[in-house]
Amino acid sequence: MKILLVEDSRFLRIAIEKGLAKAGHEVTGIADGREALLAARSSLPAIILLDMMLPGLEGTCVLKELKQDASTSHIPVIVLTGLSQKNETKLKKAGAAAYIEKSSLNLAQNAEALIQVIVSVLGTLREVPSTPEQQSRSSADAETNGAEARAGWTGGLRDNPTGP
């Protein structure tokens, strides 16, 4: 899968790139917000991992522009943040599919938690229930499947899935 990673921390960007590449994904790492917009428009990745604190153009502006552009509005964006749940409502309204607290990532071991969130977001987007009963079942499944690594928009990924 083609993934665009937008993260200004060189250390974290390289660690995430290695973990996702090891899992078989094609990852393009970008450190700047303006460059991220250009890369997203030219490569049309399957998903974007987006840091909020970026040089050039901050993450919230990048997210807003991605969602307003017809060529990129369909691409799910997972926000990488160090700000806990502080901006959860704002990010959701801006179009983020999920968020991950950077402090909860343990990339020294592997990228499994990050991959679980990516799969959960992509799976949720692909499964569009047609009946109210299926919609209800899908919501329950999302809650159950996200219990260990909170994903989708059940609150993001954090160490304690039952509270902040």
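**Exercise 1.** Determine which residue just after α2 takes a positive phi, and describe how the opposite end of the helix is capped.

*Solution.* Just after α2, Leu-44 has a positive phi of about 45°. Helices (H or I, at least four residues) and strands (E, at least two) are DSSP runs, numbered from the N terminus. At the N-terminal end of α2, Asp-32 acts as the cap; one of its side-chain oxygens lies 2.9 Å from the backbone nitrogen of Arg-34. The model is predicted: local features need pLDDT of at least 70, side-chain atom pairs count only at pLDDT 80 or more, and totals for chains, interfaces and linings use all residues. Residues are numbered from 1 along each chain as its sequence is written, and side-chain values use heavy atoms, with hydrogens and water left out.

**Exercise 2.** Establish how the buried residues of α2 are arranged around its axis.

*Solution.* Begin with the buried residues (under 20% relative accessible area; exposed is over 50%, partly exposed in between; 1.4 Å probe, protein chains only). In α2 (residues 33–43) they are Gly-33, Ala-36, Leu-37, Ala-39 and Ala-40. Viewed down the axis, they fall within an arc of 170°, so they line one face of the helix; the arc is that of the directions from the helix axis to the C-beta atoms. On the other side, Leu-38 and Ser-42 are exposed. Finally, the buried residues pack against β1 (2–6), β2 (26–30), β3 (47–51) and α3 (59–68), contact meaning heavy atoms within 4.5 Å.

**Exercise 3.** Give the strand order of the sheet and identify its edge strands.

*Solution.* Five strands form an open, parallel sheet in the order β2-β1-β3-β4-β5, where pairing requires at least two DSSP bridges between two strands. The edge strands, β2 and β5 (98–101), each pair on one side only.

Technical notes
Polar contact = N/O pair within 3.5 Å; in protein donor to acceptor, adjacent residues only side chain to side chain.
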